Amino acid sequence: MSTGTSLLALQDIDLALARDRAELAAMPEIAELAKKRRAYQKLKSDATKLYAQRKDLETYLSELDQAESDANEDIAIAQRHTDTSDYRGVQQLEQELSRLAKLLDKIAYDRAEYTKQLEEIDSKQAYLDDYITKFESAVIADTKAARAKASDIQQRIDAGSAKRASIYDALSDDAKARYDAASQRFNGLAVERLVGNVPSVCRTALQESSMSDLAHAADICECPYCHRILVIEQEES
Ligand SMILES: [Zn+2]
């Protein structure tokens, strides 16, 4: 490959590499995934809150069971220890039984209330668990798709980098230095080729005098207008 042809090929690869690197960095799938992961964290924290509420209700219900069993035991004890021939004793028993009956009513009321809340939490948990399971598979599928897309781009970058290295390494030190400097100065668009008498990037037609100078030049020179590297004759590739 002539130096001019190599430089044009090098520039094409560098521009493609820059595009691929920018595309990889700005993949919308990556931002979308980050958003989904945040939503997933929120779902998981909702599930944890429901779980804690459920544990509390289960504790309340088992405390009620214990209170109920204590109250029933108190009733049995009170009945057993009362001397029914004694008027005061009977009166105290009635008061005690009435107190315990109210307590049992309160326990039954609370139990119904907590049981209702527990059922509500059950159905919320079932809905949320189902939603989280579907969300997880969606995130996994999206992650795979994003990885596949990223890996396609990464493979192009790897192949481009290897090709670039082989072309760049074969250049003379002078050509390397000229390309590096022009590439930096012109933001990647370092090289132009001559089409007829018009350079391909700045598109400023060369004068007769410049054209006759170029006839005696090497295969690359500097564009008199934009100062990019100008490839005069490009080989068929
Ligand atoms: Zn030019």
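## Two helices that cross

Helices α2 and α3 cross in a left-handed way. This is a predicted model, and that crossing is a friendly place to start looking at it. Find helix α2 at residues 28-81 and helix α3 at residues 87-170. The axes of α2 and α3 are 7 Å apart, and the two helices pack at an angle of about 160 degrees. Angles over 145 degrees count as roughly antiparallel, and α2 and α3 are therefore roughly antiparallel to each other.

What kinds of residues make up the contact of α2 with α3? Sorted by class, there are 30 nonpolar, 18 charged and 7 polar residues in the contact.

## Another partner for α3

Now turn to helix α1, which covers residues 3-25. The axes of α1 and α3 come within 9 Å, and they cross at roughly 155 degrees. That angle makes α1 roughly antiparallel to α3. The crossing of α1 and α3 is left-handed, and you have already met a left-handed crossing between α2 and α3.

## The zinc site

Which residues coordinate the zinc ion? They are E192, C202, C223 and C226. E192 contributes an OE atom, while C202, C223 and C226 each contribute an SG atom. These donors sit at 1.9 to 2.3 Å from the zinc ion. Along the sequence, the donor residues follow the spacing E-x9-C-x20-C-x2-C.

Why is the arrangement around the zinc ion called tetrahedral? The angles subtended by the 4 donor atoms run from 90 to 129 degrees, which makes the arrangement tetrahedral. To earn that name, four donors need all their angles between 85 and 135 degrees. For comparison with a textbook picture, the ideal angle for four tetrahedral donors is 109.5 degrees.

## A closer look at the donors

Is E192 buried or exposed? With a relative accessibility of 0%, E192 counts as buried, since buried means under 20%. You can find E192 in strand β1. Two other zinc donors, C223 and C226, are buried as well.

E192 also shows how a chain can bring residues together in space. E192 and R228 are 36 residues apart in sequence, and their C-alpha atoms are 6.7 Å apart.

## Two loop residues with positive phi

Where is N187 found? Look in the loop between α4 (173-185) and β1 (191-195). The phi of N187 is near 50 degrees, a positive value in a residue other than glycine. N187 has a relative accessible area of 71%, so it is exposed. Measuring from C-alpha to C-alpha, N187 and A177 are 15 Å apart in space, with their positions 10 residues apart in sequence numbering.

R203 is another residue to look up. R203 lies in the loop between β2 (198-199) and α5 (208-215). Although R203 is not a glycine, its phi is positive, at about 55 degrees. Because its relative accessible area is 64%, R203 is exposed; the cut-off for exposed is over 50%.

How values were computed
Residues numbered from 1 in each chain as written. Predicted model: local features only at pLDDT ≥ 70, side-chain atom pairs only at ≥ 80, totals over all residues. Heavy atoms only, no water. Axes fitted to C-alpha atoms, helices over the stretch in contact; angles between N-to-C directions. Helix = DSSP H or I, 4+ residues; strand = E, 2+ residues; numbered from the N terminus. Parallel < 35°, antiparallel > 145°, perpendicular 65-115°, else oblique. Left-handed = near helix turned anticlockwise from the far one by under 90°. Nonpolar A, V, L, I, M, F, W, Y, C, P; charged D, E, K, R; others polar. Donors = N, O, S within 2.8 Å, 3.2 Å for Na, K, Ca; no water. Tetrahedral: all angles 85-135°; square planar, octahedral: opposite > 155°, others 65-115°. Buried < 20%, exposed > 50% of the residue type's maximum accessible area, 1.4 Å probe, protein only.
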